[in-house]
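Me: Please show me the sequence and the model. I will then ask about burial, charge pairs and helix packing.

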Amino acid sequence: GPPDVHVPPCLSPQPTAPPRSFQLDYEQDCFRKDGAPFRYVSGSIHYARVPRPAWRDRLLKMYMSGLNAVQVYVPWNYHEPLPGVYDFSGDRDVEAFLDLTAELGLLVILRPGPYICAEWEMGGLPAWLLWKSDIVLRSSDPAFLAAVDSWLHVLLPKIKPRLYQHGGNIISVQVENEYGSYYACDYDYLRHLLGSFRALLGGEALLFTTDGARAEELRCGTLQGLYATVDFGPDSNVTEAFGAQRSIEPRGPLVNSEYYTGWLDYWGGAHASTSAAQVARGLADMLRLGANVNMYMFHGGTNFAYWSGADLKAQYKPVTTSYDYDAPLSEAGDPTEKLFAIRTVISKFQPLPVGPMPPATPKYAYGRVDLHKVSEGAGGCVALAQHCPAPHSRQPPFPFCAALQAHGFVLYHTQLPRDVPAPAPLSAPPHGVRDRGYVMLQKGTLERDGQTTLRVTGRAGDALDVLVENMGRLSFGANFSDFKGLLGNLSLDSSPLSTWLIYPLAIDAAVQQGWPHAALPQSSGRGRSGPAFYTGTFETPGIAWDTFVKFPGWSKGQLWINGFNLGRYWPRRGPQQTLFVPGSVLRVGCPNNITVLELEGAPSTPFLLFLDQPLLNRTLSPSTWTAE
């Protein structure tokens, strides 16, 4: 290795080590497991992005790739939907997931946050924190710390018995996440977290931080008492990056906590890809130095429902539903060329498990499924509003949290105050629509960082309905209290509109109860633009296999099958053209119910196409949202 990076000799065992321990060795610059030198080669997998029936398949493929550990985020908002209301059932059963890792012989590097980034909605922080509008997230603000502590008191007691020292397989626990990239730089906050983690996990737990490999990031992200690690991808100079870690931790193991195997996609951007050869070469360089490496991602999976996050890079950039990441295991969990290149590198440094790599899961092209419109426009949403809590009356419009709704859609309703015979501008303040507003009077769209004015006509008393969509709260960036909804009043010809009713739309609950399949089909009347619901059914031929659904001629919206929210589609913008449909959501021997909420306009003959492979890389209209 290069002479200026200290290469860990780490060879002699320590006879005095306790029988079950995982520790830092500052003398010989390595980890020690039960006293013996240990190095991990790990991969990231997020249980919240993989349907529970597929957990075992994905973890087994990771084990068979030669990994001896997996790195796992815990998204707080996935488990605490409302203050004091916890959900660890079904797909959210993190303990069942951790038990499965242990059963398959994998160690775990756990990253419980409270903030995780992960390109996940609000970086894992619950949206209800924003009910206190002046809260300072990720800081020693007492309101934030109180919420964090009550969550950690629920989560960490589930983790403690699974620590390696206590007979489990969790070898280390990350505190916060890339805190050095956040503006607050609040050491009291990190100290408070360190105290809480120590109190709840005990003194033996190995606690660490992860930051980018730049001096200013490490300055604000690290703390005495937390082992500092770095993250960097195959483009970086390995010697320089580990040199940055050494500036904070002169001794101890070299650790890259996020070695990027690929990258995320934004709507309207290009599909990211990183060559297998480049990823394999960088991995080999680090392993030659004796470093510990976690590959981010090893299996990316899918941002189902409303869970995808967003970045702010001069403009709002929402993340796609697919979190394929160009990772070694594809979105559907299939081994790729990159996986085999990585496995070959690992085999040169540690023995591979005996046996074959499990094959790709079978896919099925169910073909064309015709849909019909069941309700449209405000009618569809107001019909839905009957399923919802009473509307909130506000002056002027308030964000989503005023309507006490975290995700999805909220309907803002008012009436035209006067006749508007000639087209007049309906306008929102800059960045006032978060993130998209579908105006039903004139069938047009207002955008957060795009179009903020539409021309409308109508009669006094006409309904003016704006369906506002939350496209995902910022998951990374400086100040990210990302309130959703109409943040400022809309004005008509420069005079503000008043007397708004706000309907939080519980679409998911309604769809799960079979709505609108019970509703009667509508004849496709006036125009095909604007929000409308479509439904259809299909049967699987005796077996439910994974599939991919394409949206020929559709614009943008949300898809449910059998009440399961498969996420946002936006083929008009791309690059993602298909949504992944896990076979586990399909039914055998009875019809599968499809519900589509199309927001901007369906094709005249509405149908979906089920394929046996994905299409992730066609950007049809580069968006204003993707300017770097």
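**Burial, salt bridges and helix packing**

Me: Are Asp25 and Arg32 buried or exposed?
Reply: The model is predicted, so local features need pLDDT of at least 70 and side-chain atom pairs pLDDT 80 or more, while totals for chains, interfaces and linings use all residues. Numbering runs from 1 along each chain as its sequence is written, and side-chain values use heavy atoms, without hydrogens or water. Relative accessible area sets the class: under 20% is buried, over 50% exposed, and in between partly exposed (1.4 Å probe, protein chains only). By that rule Asp25 and Arg32 are both buried.

Me: How far apart are the closest N and O atoms of Asp25 and Arg32?
Reply: A salt bridge requires a side-chain nitrogen of Lys or Arg within 4 Å of a carboxyl oxygen of Asp or Glu. Asp25 and Arg32 form one, with a closest N and O separation of 2.5 Å.

Me: How many residues apart along the chain are Asp93 and Arg52?
Reply: Asp93 and Arg52 form a salt bridge with closest N and O atoms 3.6 Å apart. Helices (H or I, at least four residues) and strands (E, at least two) are DSSP runs, numbered from the N terminus. Asp93 lies in the loop between H2 (76-79) and H3 (94-103), and Arg52 in the loop between E4 and H1 (55-64), so the pair links distant parts of the chain, at a separation of 41 residues.

Me: Why are Arg288 and Asp285 separated by about one helical turn?
Reply: Arg288 forms a salt bridge with Asp285 at 2.5 Å between the closest N and O atoms. Arg288 counts as exposed at 53% relative accessibility, whereas Asp285 is partly exposed at 30%. The spacing of about one turn arises because the two lie in helix H8 and are apart by three residues.

Me: Which helices do the buried residues of H8 pack against?
Reply: The buried residues of H8 (276-288) include Val279, Leu283 and Leu287. Contact here means heavy atoms within 4.5 Å. Strands E4 (41-45), E10 (255-260) and E11 (292-299) are packed against, as are the helices H7 (238-248) and H9 (337-347).

Me: What arc do the buried residues of H9 cover around the axis?
Reply: Lys338, Leu339, Ile342, Val345 and Ile346 are the buried residues in H9. The arc is taken over the directions from the helix axis to the C-beta atoms. The residues sit on the same side of H9 because they cover an arc of only 125°.
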